[in-house]
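Here's a quick briefing to read with the model open next to you. It goes from the overall fold to the helix contacts, the cores and a couple of single residues.

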Amino acid sequence: MAGAPESEAERLYGLSPDEFIPARDETARRLRDEGRREDAAAIKALRKPSNPAWVVNRLAREVPKIVDGLLAAGQRLRDTQLSGGGGLKGAMEDERAALDRAMRNAEEIATHAGLASTSTMLRVRETLHLAALDPEVAADVKRGVLTREGRAAGFTGLAGFAVPAAPPDKPVKVKKDTTAKRSTKAKRNTTATRDPATARSDAARQQRLAKAREKATAAQGDLKAAVRELVDVDRALAAATRQKEQAQTRVERARARSEKALEQVAELQE
């Protein structure tokens, strides 16, 4: 959408899928007639939103508070993740709850528009979750101007979601006894000792934590791989769609030429 007049683009992306292309072309013609050739070219280059992208755009326009709540929950999750502090589980639960609320509204919109297929709703959920994680995608979602769900540029934000490193162990502080009567006792307590049972419990906890971190890292790797696969499939689908549209245009033109030629033959035979 880069370079297109924002007000015109936002208006077009607020239309129904069937209205988009005719309205886009008419807007481009009007801008050309007004002498605004660069704006006309930018508008003409706008892509029709996919069905999942259209549902997300409509969601942002009809229930902006729900979308704002999701994006705010995503921001808190990013802040918590990057800070390495506590509360990560709670932040993840808040983001998931906000996403569920957004999906309930999105399903109503998709159902009303006749677009509530399983595939479409899965893509809608992926896109909304991505918007919660990536500020760049969030900006387009908030404005309601997505052209495709889960676009490649949006996945860069996942790189910042590494599993937080384990915090360094706090050193045991030993207080020195300055009184003469306790000098001997202080020397005995210079080296801190721990109860063996406590030490074993701490060691077991560290092992469980290490395994949990390994699982989280592996799961994140799987997520990134799946995201890359989704992007590749999405690009292939977009290319195939363009090829199909071009082929349909050629068929229509060839049919028109054929019909015209047959009409000429019929006229000459009379």
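Helix 4 passes helix 7 in a right-handed crossing, and that pair is a handy place to start. Keep in mind that this is a predicted model. The secondary structure comes to 10 helices and 0 strands, so to speak an α-only run from the N terminus on.

**The chain overall**

- The chain has 270 residues, and 30% of them count as buried.
- Take the contacts with a separation of 6 or more: 68% of them come from residues 24 or more positions apart.

**Helix 4 against helix 7**

- Helix 4 covers residues 51–62 and helix 7 covers residues 118–133; they pack at an angle of about 55 degrees, and their axes are 8 Å apart.
- With that angle, helix 4 and helix 7 are therefore oblique to each other.
- On the helix 4 side, the contact is made by Asn51, Pro52, Val55, Val56 and Leu59.
- Helix 7 brings Thr120, Arg123, Val124, Thr127 and Leu128 to the contact.
- Sorted by class, the residues of this contact are 6 nonpolar, 3 polar and 1 charged.

**Helix 2 against helix 3**

- Helix 3 spans residues 37–44, and its axis comes within 8 Å of that of helix 2, with a crossing of roughly 170 degrees.
- Helix 2 and helix 3 are therefore roughly antiparallel to each other.
- Helix 2 puts Arg24, Asp25, Thr27, Ala28, Leu31 and Arg32 into the contact.
- From helix 3 come Arg37, Asp39, Ala40, Ile43 and Lys44.
- The class count for the contact of helix 2 with helix 3 is 4 nonpolar, 1 polar and 6 charged residues.

**Nonpolar cores**

- The largest nonpolar core has 28 residues, and the ones that touch the most other members are Val55, Leu59, Leu70, Val124, Leu128 and Val141.
- At least two residues of this core come from each of helix 4, helix 5 (64–83), helix 6 (88–113), helix 7 and helix 8 (135–143).
- Helix 6 gives the most to this core, at 7 residues.
- There is also a second, separate core of 11 residues, with Ala9, Tyr13, Phe20 and Leu31 among them.
- Val55 is worth clicking on: leaving out residues up to four places away in sequence, Val55 touches Ala106, Ala110, Leu115, Thr120 and Val124.
- Two of those partners, Thr120 and Val124, also appear on the helix 7 side of the contact with helix 4.

**Two residues to look at**

- Thr27 sits in helix 2, which runs over residues 17–33.
- Is Thr27 buried or exposed? Thr27 has a relative accessible area of 4%, so Thr27 is buried, the cut-off being under 20%.
- Leaving out residues up to four places away in sequence, Thr27 touches Glu8, Arg11, Leu12 and Ile43.
- Ile43 is also one of the helix 3 residues in the contact with helix 2.
- Glu107 has its place in helix 6.
- The relative accessible area of Glu107 is 46%, so Glu107 counts as partly exposed.
- What separates Glu107 from Arg125? They are 18 residues apart along the chain, and their C-alpha atoms are separated by 10.0 Å.

Definitions and conventions:
Residues are numbered from 1 along each chain as its sequence is written. This is a predicted model: local features need pLDDT of at least 70, side-chain atom pairs count only at pLDDT 80 or more; totals for chains, interfaces and linings use all residues. Side-chain values use heavy atoms; hydrogens and water are left out. Axes are lines fitted to C-alpha atoms, for helices over the stretch in contact, and angles run from 0 to 180 degrees between N-to-C directions. Helices (H or I, at least four residues) and strands (E, at least two) are DSSP runs, numbered from the N terminus. Angles under 35 degrees count as roughly parallel, over 145 as roughly antiparallel, 65 to 115 as roughly perpendicular and the rest as oblique. A crossing is left-handed if the near helix is turned anticlockwise from the far one by less than a right angle, and right-handed if clockwise. Contact means heavy atoms within 4.5 Å. Ala, Val, Leu, Ile, Met, Phe, Trp, Tyr, Cys and Pro count as nonpolar, Asp, Glu, Lys and Arg as charged, and the others, Gly among them, as polar. A nonpolar core is a set of buried Ala, Val, Leu, Ile, Met, Phe, Trp, Tyr and Cys residues joined through side-chain atoms within 4.5 Å. Buried means under 20% relative accessible area, exposed over 50%, partly exposed in between (1.4 Å probe, protein chains only).
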